[in-house]
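Reader: Before I go back to the bench, could we work through how the interior of this protein is put together?

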Amino acid sequence: MSGVEGAQVREALAAAVAAVGGQERAGQVDMAEAVATAIARSQHLLVQAGTGTGKSLGYLVPALLHDQRVVVATATLALQHQLVERDIPRLMEALKDRDDVDTSFAVLKGRSNYACLHRVREGVPDDQGSLVDLPEGSMGAKVLELREWVESEAESGGTGERDGAPRHTDKEWRQVSVSARECVGAARCPFGAECFAELAKERAQRSHLVVTNHSLLAIDAIEQIPMIPDYDVVVVDEAHELTARVTQAATDELWAADVERAAKRSVRHVEGDEADDLTDAAEALRDAVTVAEPGRIDRLPQDLSDALELVRDAARACASAFPRSSGDEPDAAMSQAKASVQELFATAERMAALGESDVLWRTEGTERMPPRLCIAPLQVWGQLRDKLLAEKTAVMTSATLKLGGDFTAVATSVGLKPSEQVAVGTDGPDTRPSGADADGSPEGHDEAQPWVGLDVGSPFDYGKQAIRYVARHLPPPGRDGLGRPQLDEIAELIDAADGRTLGLFSSRRAADAAAEAMRERLPHLTTLAQGDAQLPELARQFTDDPHTVLFGTLGLWQGLDVPGETCQLVIIDRIPFPRPDDPLLSARQRAVQAAGGNGFMQVAATHAALLLAQGTGRLIRTSSDRGVVAVLDPRLATARYGSFLAASLPPMWPTTDPTVVRQALARLAAG
């Protein structure tokens, strides 16, 4: 970066930091300058920025200084709300008088996240009958409440976004919204001029900065469905989640009830037997799925193959039997019914073909959810590289991008595959060969995408603020869950900490077992378990009383922010390797093995390293936090892969001595 560019970024950043009442940090300045350089050079950048770095301003300031539109994509609603409600408005206010900054911004989500005025005013909710005069608390009453809210939003110029709606379920929201495929189109809709989704797109068209999510980014870039106005640069925050979110967006599901529902919606619109044939196909699919074994399906059994082909052919015939729309007035019910049939056809066709690039599996099924078929891409790096990274400049940032000590694992998973990578970190420039591809394909396949990795460090002194304790004396975890040695260790640690504990477990069964045991052993403390209440309520209870213990699974590993004395001990029951029967990750691991790579290290260990880093990150959230991360799995200290996992974690002071740890916790609890 030239001196003028550097001075421009530093000046704007200083103004922004002052406006939000913060304190400028060295890492934040380094990040802002690196982002500006990457944008100027059209070079991809990976930035690891620890909690407390102020990374949002680190990328927002250079994004606003850029002379073309920039998209910011997040993985979670929580971060999106933080950006839209707090960070961006404060930043815009700080920079509004600068001639070199366009302070316009907008939020853009998928169409189903907005209420549909046509559905509310003219559509008939499926399979619900009349919604009038139903008892309060029923689904009908809730949908009526949502409809009133929608009309209020329309009158007041609101956004109609789902996040602002009265509390509701997914099923209830579907009665006031439509998918992109079901939409009749703004040009043909009598309410097109008022459409919340269309107004959001118009705001985005007029804005310099567009905030969206990973899924919409994937649909726009990878599926080539235009959702986002043309842009030059994309900033991917929470980038460690990108491949999972893109995979999720490209995953399709199919079960008999969906086929039956599509047939029922179609019967009033087609004159022949096509809807009845679709109903018959649903029954065949139900029978075939019921007898199929749960788990990954490498080769389709004949009965399942026949059932999928039956659904595919019946859906194709049914979609073709719909009459053409006539006149200017759209038939919304017919458009939506046909769209559901077309979606069935596409999914059944994909499953029946079962190409090498897809993974198909049958779920276990529960009392509330019958077994279903799912299909997902084996890998997504190729699509990300060819359809996003080849076209746009990408800045990817997160607190956890360096796994095993470098950026290779994350970089290859998103399609950054240069012959050499340049990693600029706290130890200075370092050039090393890139790693093997996450799916086992040949390294350097097709065109390389050059990139730079930067670790701006953390404002926290982990060596003084935190202890990483590995209970080396415990037996390795077994398949039977927590044993007495693990429960004894948990009780002793929590007792020393006098509560103040977040327990992160690899399974719901383990979390519940630990909670039950602690309620018996430590009755003077309050023990909460995920599922006892909604997560926001559990977090509030945990924050309000330091003598509280909260146990849970994945939602707590990544989604909980509880700074202060509330959380001085984080317990991790075992290294979070994926389950051996995980259909998608086991298929990716096998693909790496088939290509001559180390499937365990490149898939399973990388997955575990990312979750461990996220879980460990729950402890230190501010510069005044102190505490212990206790890992009850001795393999972190004894196994060969332990060093790879440890290198992925914050540099806390390490120990395997339980006495030292209990004494440290007792001192913290005493204040």
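The questions and answers below concern a predicted model.

Reader: Which residues of helix α20 are buried, and where do they lie around its axis?

Author: An α-helix has 3.6 residues a turn, so residues three or four places apart point the same way. In helix α20, residues 535–544, the arc covered by the buried residues is only 100 degrees, which puts them on the same side of the helix, while P536 and D544 are exposed on the other side. The cover over the buried residues includes β15 (501–504), β16 (526–529) and β17 (548–552), and those buried residues are L538, A539 and F542.

Reader: Is M92 buried or exposed?

Author: M92 sits in helix α4, residues 77–95, and, leaving aside residues up to four places away in sequence, M92 touches L64, T103, S104, F105 and L209. The cut-off for burial is under 20% relative accessible area. Because the relative accessibility of M92 is 7%, M92 counts as buried.

Reader: Which helix gives the most residues to the largest nonpolar core?

Author: The largest nonpolar core has 90 residues, of which L46, M396, L502 and L645 touch the most other members. The helix that gives the most to this core, with 7 residues, spans residues 599–616 and is α23.

Reader: How many residues are in the other core, the one that lies apart from it?

Author: In soluble globular proteins, nonpolar side chains tend to be buried together. Apart from the largest core lies another one, whose members include A49, V61, V84 and L91, and its residues number 42.

Technical notes: Residues numbered from 1 in each chain as written. Predicted model: local features only at pLDDT ≥ 70, side-chain atom pairs only at ≥ 80, totals over all residues. Heavy atoms only, no water. Buried < 20%, exposed > 50% of the residue type's maximum accessible area, 1.4 Å probe, protein only. Helix = DSSP H or I, 4+ residues; strand = E, 2+ residues; numbered from the N terminus. Arc of directions from axis to C-beta. Contact = heavy atoms within 4.5 Å. Core = buried A, V, L, I, M, F, W, Y, C linked by side-chain atoms within 4.5 Å.
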